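Student: I would like a close look at a single part of this model, the surroundings of the ligand. Please then set that part beside the other side-chain interactions and the packing of the protein.

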Amino acid sequence: MATGIGPAVRPDVDVVVVGAGFAGLYMLHRLRGLGFSTVVLEGADGVGGTWYWNRYPGARCDIMSIDYSYSFDPELEREWQWSEKYATQPEILAYANYVADKYDLRKDIRFGTRVQQASWDAAARRWRVSTAAGDEITCRFYVMATGCLSLPKSIDIEGADRFGGETYYTHHWPHEGVDFTGKRVAVIGSGSSGIQAIPIIAAQAAQLTVFQRTPNFSRPARNGPTPQQKLDAFKADRDAYRQAARLSQAGVAVPITQVSALQVPEPARRAVYEAAWDSGELLPTTFADLVTSAEANETFCEFLRGKIRSIVKDPVTAEALCPQGYYYGTKRPCIDSGYFETFNLPHVRLVDLRKTPISTITETGIRTNAESMEFDAIVFATGFDAMTGAIVAVDIRGRDGLSLKQKWADGPKTYLGLTTVGFPNCFLVTGPGSPSVLSNMMVSIEQHVDWVSSTIDHMRRTGLETIEPTSTAEAGWVQHVNDCADVTLFPRADSWYMGANVPGKPRVFLPYIGGVDRYRKACDEVAQQGYLGFRFEGAAGAVCNDGVIRRLQPDVTIVLEVIESLGLPPVESMPPQAARALFDALATQRPPGPAVGEIVDGTLPGAAAELKYRLYRPATAGPHPVVVYYHGGGWVLGSHDSDDPLCRDLCVRSDSIIVSVDYRHAPEDRFPAAVDDAFAALRWVSSHAEALGGQPGPVAVAGWSAGANLATVVCQLGRDAGGPAIAGQLLITPVTDADMTRPSYQQNGERYLLTSAMMRWFFDHYVDVANRSDPRVAPLRAGNLSNLPPATIVTCEFDPLRDEGAAYAAALADAGVDVQHIFARGHIHSSLTMVDLVISGAPYREKMAEALRRYLPRQQQPLLRHKLA
Ligand code: NA7
């Protein structure tokens, strides 16, 4: 009988858990330990989940067993010794059984019990769970521990049910095993299951034909005993070993690198890849940008293709086995034992379905559009309806009869991958929107089970009966999950991570790629912040601390973390010279930005003395439109070349010449020196556009931060002086006012690199208080904002200057100026300038470049003009 929670009429149990895999087993153990009555419902006749069903030959884990095991009990860890680095399915299943016995779990598991429906009874505040056998069980909490790769994808090959020979499915293999000796065998599918099974089936079969639709990246597993180094580290400090895994990117502690594959010379890069090849590990350390940069990733792809070509003797087969058209890692990579070598055996053949697709399966074999082949047995290794399939296979009905399947029709929506709006007291273990399949499952399972059980315990202690996420929190998390995926190459691949393997499944990136470590931190912070984003109800009423746990772009978060780890002194605590030195030193660490056609350094006459400029010319044929660019740095820091990566990027994207001009800096030269120089530079560049190789006619101006302030100030000066003509102004997070009382200063003034204190320091160096309302300092305060060039104003959500940028956009629009306001969600003052570092900034820079191209259309090339004439 239930203990501890709930209204007067008690449900049958406190918690129903669906699934007796590793998640369900630990959930039961944990809840039982906390005194909650719990029952696990399991369709199979034994424990083990996916390891119960997937008994195909060669089935093994590909995370080292020492890591792919529970960490919750040191005694269990001492008692159980893995015989190999990567244990076989029978050994893993034996481990699951050992755990079930050791903690006496079976007595609360109902085997052979398939859950069909679960519905929330709002009046009774309980779930009614019904089974295929027609039984009903009521519970306060309902936990889906059904695994991410447990519901097989239906076989979508014409004629599959017609075959008269033996048919096998890797996901549902006969318990007694299969002997293929002397048989002609077909294997369809070359994912992890196919890659593991094929060498073993080949060793038995008289003939083996592999039907491959998409080749996979695979490296040798080099199985054997667990590496001594690992064992030593584990034995020396078990807690530290486990904690390192919990705080790692993927749930396995591997060294982190910040090095880009493109930064190192070819031989050094190759050495890293050779080490990865030799490592026998699924997650070797390579380079930081393989996940985000197509160019970097391609270097590894080509290395791996080279390995395949060197192993597989027949060049046509080798080429067919070489993955093309997607990036390494974006489809689940594999490690194997002799997979590619198998294709050198005389009785093994590869059929490349991209060239000769299957037309149908026949009574006796398989027909492609090129030939008919006869088989005694067909093995389907065609994969799973991953991550969501097994969850929505149960008809789950939440508040007001809402169906989870319907709610997720366009893709799963969860808060933390753990809960979903409309389904109170329902938890998902390793659900979509959590690291799940991108992590060592054991680490993720333990973290989820611990979080869920401590939440239920918290509710018991505080008299709360129901928990449900808010729509705000869920929408915020879904956005964050997508933001994380969008900075990577993953969404580009047709993978099961994207739901792309199941016809008709919505194309959504299903797991959370932000990292096990960051994910755990988010879950912990949610709990610490009074369960941010959850609404509870209890006898004493409802409580809700609504909000969104992650709002920054993920790559911006990483930059902030890296900068914080440097422990730099605040800029405002330094004399300007020291601040400049720091600014310059940090600049040397940036990725360089894209290559441009030409870079020319020169000087131009400023208002008082010569000024430096740097000209960026596109590689395309000129003459190009010309943009005068003013760098950022609060009128104190920076120079004509300090925004180099941004200028290169704008040059390439807008196909314009960017002339980044210097100006005198404060405190040596205070206001209006910078303004006077900025205007002088504009005049000089405008009148020398053709001499600089640009097209004649008006130029555009652009700038970032204080440079954007100067860019718009020169537009006002140009208007009042009757020239030079300016075609448009691009203002990236501009200073438009000296008023520091706007909400964005209050909200963002401390944590996002540009601080209120720093702005005060800039202003104090730049301009007397008495002059801060001068429109040349605060262009927003100009009496007349009409007749200014069209403007594109970019503001960032977490920038102290956000509101004054928006105010300027509104004021220009009110004055009849053509204004485009681009709002960068999740960005900070400087993140859009961080080319190749903050990848989520790239789409915004593309919009900026689009604006420049609109302001400055390319004039016809002289040659073309001539021809047309
Ligand atoms: P996967 O990795 O989804 O592999 C399934 C394979 O079957 C893959 O090569 C598919 O090609 C192929 N497939 C699927 N449908 C067809 C049809 N209709 N015709 C031909 N080929 C087809 O599943 P696994 O079981 O191997 O591995 C699942 C996960 O378990 C694995 O990633 C690990 O995390 C553990 P496709 O790529 O779709 O072109």
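Tutor: What follows begins at the ligand and then turns to the nonpolar cores, one loop residue and the salt bridges. The model is predicted, and the distances and areas below are to be read with that in mind.

The ligand is surrounded by 20 residues, and the closest are Asp156, Ser193, Arg213, Thr214 and Lys331. Lys331 also appears among the polar approaches, since a polar atom of the Lys331 side chain lies 2.8 Å from an oxygen atom of the ligand. Two serines approach through their backbones: a polar backbone atom of Ser190 is 2.9 Å from a ligand oxygen, and a backbone N or O atom of Ser192 lies 3.0 Å from an oxygen atom of the ligand. The ligand taken alone exposes 770 Å², of which the protein buries 87%.

Turning to the packing of the protein, the largest nonpolar core has 83 residues, and Phe22, Leu416 and Trp451 are those with the most contacts inside it. Helix 14, residues 441-462, supplies the largest share of this core, with eight residues. If neighbours within four places in sequence are left aside, Phe22 is in contact with Trp51, Tyr68, Tyr70, Ile92, Tyr95, Ala96, Met442 and Ile445. A second core, separate from this one, has 66 residues, including Ala678, Ala782, Leu788 and Ile793.

A loop offers another view of local contacts. Arg507 is placed in the loop between helix 15 (471-486) and helix 16 (516-528), and with a relative accessible area of 44% Arg507 is partly exposed. Not counting residues up to four places away in sequence, Arg507 touches Pro491, Arg492, Ala493, Asp494, Met498 and Ala500. With one of these residues, Asp494, the side chain of Arg507 makes a polar contact of 2.6 Å through the Asp494 side chain. The C-alpha atoms of Arg507 and Ser495, which are twelve residues apart along the chain, are separated by 9.5 Å.

The charged side chains complete the picture, with a count of 59 salt bridges in the model. One of them joins Asp644 and Arg648, whose closest N and O atoms are 2.7 Å apart. These two residues lie four residues apart in helix 19 (residues 644-654), so about one helical turn separates Asp644 from Arg648. Asp644 is buried, with a relative accessible area of 11%, and Arg648 is likewise buried, at 18%. Elsewhere, salt bridges that share partners join Glu298, Glu302, Arg305, Arg309 and Glu319 into one network.

Two further salt bridges involve residues that are partly exposed. Arg397 and Asp395 meet through their side chains, with an N to O distance of 2.9 Å; Arg397 counts as partly exposed because its relative accessibility is 29%, and Asp395 because its relative accessibility is 28%. Arg535 and Glu537 form another salt bridge, in which the closest N and O atoms are 2.6 Å apart. Here Arg535 is partly exposed, with a relative accessible area of 39%, and Glu537 is also partly exposed, at 25% relative accessibility.

Key:
Residues are numbered from 1 along each chain as its sequence is written. This is a predicted model: local features need pLDDT of at least 70, side-chain atom pairs count only at pLDDT 80 or more; totals for chains, interfaces and linings use all residues. Side-chain values use heavy atoms; hydrogens and water are left out. A salt bridge is a side-chain nitrogen of Lys or Arg within 4 Å of a carboxyl oxygen of Asp or Glu. Buried means under 20% relative accessible area, exposed over 50%, partly exposed in between (1.4 Å probe, protein chains only). Contact means heavy atoms within 4.5 Å. A polar contact is a pair of N or O atoms within 3.5 Å; within protein, one must be able to donate a hydrogen and the other to accept it, and residues adjacent in sequence count only if both atoms are side-chain atoms. A nonpolar core is a set of buried Ala, Val, Leu, Ile, Met, Phe, Trp, Tyr and Cys residues joined through side-chain atoms within 4.5 Å. A residue is near a molecule or strand if one of its heavy atoms lies within 4 Å of it. Accessible areas come from the Shrake-Rupley method with a 1.4 Å probe; for residues, only the protein chains shown count as cover.
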